Amino acid sequence: MNILIAKQKLQYFMSVRADNSDLLREQYRAFTRQMPMMYFILLSSTWALATTHVKLAPSWLTIGIPAVFTVGCTLRVAFWWRTRGVDPSPKVAHAALQRTNRLAVGIAIAFTLWSFSLVPYGNAYTQSHVAFYMAITVISCIFCLMYVRSAAFIVTVIVNGAFIVFFLASQQPTFIAIAINVLLVCAGMMSILLTNYRNFERMVVSQQRTEALSNENLLLANIDSLTELPNRRAFFTHLESELEKAKITGTRLALGVIDLDGFKPVNDLYGHSVGDRLLVNVSKRLTDSLKASRAFRLGGDEFAIVAPIIPDDVQLVANANAISEQLRAPYHMPEGTVHVSASMGIAVFPNLASTLEQLFDRADYALYHAKKTRRGDAVLFDAEHEKQINIEARIEHMLKQKDMEKELSVVFQPIVDIRDGRANGFEALARWHSPVLGQVPPDQFFSIAERAGIVSSLTRPLLKTALTAASKWEPSLRLSFNLSAHDLNSCEGVLRLVGIIENSGFDPQRLDLEITETAFAHDFEQVRQSVEVLRRLGCGISLDDFGTGYSSLTRLHALPLTKIKIDRSFVTDLHKKPASYKIVKSLLTLSRDMGLECVVEGVELPEELEALEGLGATLVQGYVYARPMREPDIGEFLSQQSSKRMVL
Ligand code: C2E
Ligand code: CA
Ligand code: CA
C-alpha cells in the first residue's frame, strides 16, 4: 500500500500537470525565460572542468564531448530563441514541458557520465573539481528549473544519486563528506523549491480566480439584473461600435428608443412586483420580435433597439409599429390583465444624425413627439423635427440671456362662478415677447425651459409680477398661478417661492398654485413634500389639466389638493359629444366625492356653458367669458360684469 502511494507521489512529482492550462502557460513562460541562463551555467562549468583536464585526459573527452554538448545546448537555445515571442496553446506548452522532462533525463545522465569519466585521469585536485562541478551545476539547474518541478526533481535524483553512489564508493572521507553535504544541501533546496512551486501554483490559480471574478463583474455590470437584457452601459458601448462599423462600411444604422405608456399606473395599482414582472414580459416580447437587432433596457420602463441592417424608412417605421403592436397586446398576470403600450422614437444614421449623441438625442426627441402626439406608435425623426430642434435651440438660447425677465409679462384670465356670473379670481398666464423671435407661445417656451432646467428663473419673476398685480384687487378675488415640475423638485426652490409669496404681502389663502400631473411623474415624494409646504403656508393647490395624465387616483389622493381643473379637451363640444359629456359628468362627481372644488377650463360656447350648468358645474374659465387680459383691463372687465348682472 505504502509503495503504491510512494509510486503515485513519485509519478506526481515526475510529470507535468495537464489539467490547468493557465498554469501550464505560466510554467512555460517562466521556464523559457530562465533556460538560456541554465545552459550558460552548464556549458561554462563544463568547459572549466574540461580545461583542468585537458592535459590529463584524452582530447575526445576534454574537447570532443564538451563540443558536442555545446552544439546540443546551442541548438536548444536557438530553438527557444525562435519561439520566445509565441504565446503557446496549453497543448503546445504541455508538450514542451514534457519534452523538457525527457531532455532533463538525457542531459543529467550525459553530463554526469562525462564528469565521472574524467575522474580516473586526474589527481586529488581535479577530482575535487569534478565533485565541485557536479555539486554547483546541479544546484544551479535546480534553481533554473524551479518552475518545472518535475524536471528539477529528475535532475536532482539522477545527478545526486550517481554522485552519492560514486563518491561513497570511492571510500575517500573528503569525498564522502562532500557527497553527504551536497545531498543535504540539495534536499534543503528541493524543499525550498517545492514551497516556491506551490506558491507559484497558488498565485496562478488566484490570478485565474481574480480574472474569472472580474469577467463575471464585467458581465454583471453590463446586464440588467431584472430583465437580463443588456443595460444602459452595454447599450452605449454597443451603439458606439455599431456606429463605427456603419461609418466604415457606409451602411445605415437605426436606433429606436421605447418608453412604455401606462406603466406607472400599473406599478401604482398592482405594486412593484407586478410592475417588475410586466417589465420582464415586455423584455421577452421585445427580444422575440427582433431578428438582427438587439434590445437593451435603458432603465425604468425605457428600452432601446439598435438595428444595424435596416430597410427603407417606410418599412422601418412599419417594422417599429409592428413591435409596438406586439408590446401592446394584453399581459395576463395572476393579479389581472394589464394593458400598456409602447411609444417609440427612431433616428437613423447617417440621415439627420451623424454622431452617437445626435443619434440618441434625436431618437429621444422623436420619442418625445410620439408620446405627445402618437402614443403607442413609432415616430421617425425627420426634417420637420430637425427644423423644430433648431427653433427650440434658438428659443433656449434666448431664454438664457441676461435680463430675460424684462421681456416677460403676465395676462389674467377670469375664473367665473356660473351661479352668479361673478369672477371668482384670475389665472395668471405668462407672455413672452422676444424682440428677435416675436411672440412665443407659453406652452412652447415653458416646455423648453423645463427641459433645459431653467424654468424656475422664469417662474420667480412671473410670480412676483402676478402677486404685485393681484395685491391691488378686491379681497374676494383669488389668484391662480401655474407652477412647473422643476419648481417643485427641490426644497430650496420651494423655499424661494415661499419667500416671494410672504414678501408680496398677498394673503396666501387667496392664492391657488396650479400643478399638472407631469410634475410628479419623476420624484413623487419630493413633489408631495413641496406641495405640502405650500399648502401649510395657506395656498390652495389645483390639479391642472385633469384627465389628461395617467396618474392613479391613489397617488392623487396622497396630495393635499384643494381644486381640480378639468381639461379643455373634454369640454369642447361636450353638448354634442356624449362621450365628453359623460367624462365631464363623472369628473365633476369625482371632485365632489373627493371634497374638491372644480374648475372647468376652455369653455368657448354658450351651449357648452349651458350643458355644464345642467351638470352642476360652478367654476368656469374660457373664452365664453373672456380671453386672458392685460392687468389694466381687469377693472373694466369687472365693472362690465357687474353692469351685465344688473341688466339681468
Ligand atoms: P393652462 O395652464 O392650461 O392655461 C390655460 C390655457 O388655455 C391658456 O393658454 C389660455 O389662454 C387657454 N384658454 C383659456 N380659455 C380658453 C378657451 O376657451 N379656448 C381655448 N382654445 N383656449 C383657452 P396659454 O395662455 O396659451 O397658456 C398655455 C399653457 O402654457 C398653460 O396652459 C400653461 O400650461 C402654460 N403656462 C402659461 N403661463 C404659465 C406660467 O406662468 N407658468 C407655467 N409654469 N406655465 C404657464
Ligand atoms: Ca393652468
Ligand atoms: Ca389647464
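Helices here are DSSP runs of at least four residues, numbered from the N terminus. The model you're looking at is predicted. Grab your viewer and work through these.

**Exercise 1. Salt bridges around Arg528**

Task: Find which residues pair with Arg528, and work out how far along helix H17 each partner sits.

Solution:
- Step 1. Start with Glu525: Arg528 makes a salt bridge with it, and the closest N and O atoms are 2.8 Å apart.
- Step 2. Place that pair. Both Arg528 and Glu525 belong to helix H17 (residues 524–537), three residues apart, about one turn of the helix.
- Step 3. Now look the other way along the helix. The side chain of Arg528 also meets that of Glu532 in a salt bridge, 2.9 Å from N to O.
- Step 4. Arg528 and Glu532 are four residues apart in H17, so about one helical turn separates them.
- Step 5. Why does this spacing work? An α-helix has 3.6 residues a turn, so residues three or four places apart point the same way.
- Step 6. Check exposure, with partly exposed meaning between 20% and 50% relative accessible area. Arg528 comes out at 22%, Glu525 at 38% and Glu532 at 24%, so Arg528 is partly exposed, Glu525 is partly exposed, and Glu532 is partly exposed.

**Exercise 2. A pair with unlike surroundings**

Task: Asp417 forms a salt bridge with Arg419. Decide whether Asp417 is buried or exposed, then do the same for Arg419.

Solution:
- Step 1. Confirm the contact: the closest N and O atoms of Asp417 and Arg419 are 2.9 Å apart, inside the 4 Å cut-off for a salt bridge.
- Step 2. Asp417 has a relative accessible area of 12%, so Asp417 is buried.
- Step 3. Arg419 reaches 64%, which means Arg419 counts as exposed.
- Step 4. Zoom out. The whole structure holds 26 salt bridges, and a network of them links Asp259, Asp261, Lys371 and Arg375.

**Exercise 3. Helix H12 and the negative patch**

Task: Work out which helix gives the most to the negative surface patch, then check that helix's span and list its buried residues.

Solution:
- Step 1. List the patch members: Glu240, Glu357, Asp361 and Asp364.
- Step 2. Helix H12 (residues 356–373) is the top contributor, with three residues. Asp361 lies in this helix.
- Step 3. Test the span. At 1.5 Å a residue, the 18 residues of H12 should cover 26 Å, and the end C-alpha atoms are 26 Å apart, so the two agree.
- Step 4. Look at what H12 hides. Its buried residues are Leu356, Leu359, Phe360, Arg362, Ala363, Tyr365, Ala366, Leu367, His369 and Ala370.

**Exercise 4. How enclosed is H15?**

Task: Find how many residues of H15 are buried, and compare the helix's reach with its expected span.

Solution:
- Step 1. Helix H15 runs over residues 456–470 and has 15 residues.
- Step 2. From first C-alpha to last, H15 reaches 21 Å, close to the 21 Å expected at 1.5 Å a residue.
- Step 3. Of those 15 residues, 11 are buried, so H15 is largely enclosed by the rest of the structure. Among them are Leu458, Arg460, Leu462, Leu463 and Leu467.

**Exercise 5. Backbone oddities**

Task: Inspect the peptide bond from Phe349 to Pro350, then the phi angles of Leu352 and Glu228.

Solution:
- Step 1. Recall the background: most residues other than glycine have a negative phi, and most peptide bonds are trans.
- Step 2. The bond from Phe349 to Pro350 is cis, with omega near 0°. Pro350 sits in the loop between strand E6 (341–349) and H12.
- Step 3. Leu352 is in the loop between E6 and H12 too, and its phi is near 65°, a positive value in a residue other than glycine. With 28% relative accessible area, Leu352 is partly exposed.
- Step 4. Glu228 isn't a glycine either, yet has a positive phi of about 65°. Look for Glu228 in the loop between helix H7 (173–222) and helix H8 (232–249); at 62% relative accessible area, Glu228 is exposed.

**Exercise 6. A nonpolar surface patch**

Task: Which residues form the nonpolar patch on the surface, and where does Ile63 lie?

Solution:
- Step 1. Trp47, Val54 and Ile63 make up the patch, with about 240 Å² of accessible area together.
- Step 2. Ile63 belongs to helix H3 (residues 59–83), and at 44% relative accessibility Ile63 counts as partly exposed.

Methods: Residues are numbered from 1 along each chain as its sequence is written. Chains are lettered from A and ligands numbered from 1 in the order in which they are written. This is a predicted model: local features need pLDDT of at least 70, side-chain atom pairs count only at pLDDT 80 or more; totals for chains, interfaces and linings use all residues. Side-chain values use heavy atoms; hydrogens and water are left out. Patches are made of residues with over 30% relative accessible area and no salt bridge: like charges are joined within 9 Å, nonpolar side chains (Val, Leu, Ile, Met, Phe, Trp, Tyr) within 5 Å. Accessible areas come from the Shrake-Rupley method with a 1.4 Å probe; for residues, only the protein chains shown count as cover. Lys and Arg count as positive and Asp and Glu as negative; His and the chain ends are not counted. The place of a charge is taken as NZ of Lys, CZ of Arg, CG of Asp or CD of Glu. Helices (H or I, at least four residues) and strands (E, at least two) are DSSP runs, numbered from the N terminus. The expected span of a helix is 1.5 Å times one less than its number of residues. Buried means under 20% relative accessible area, exposed over 50%, partly exposed in between (1.4 Å probe, protein chains only).
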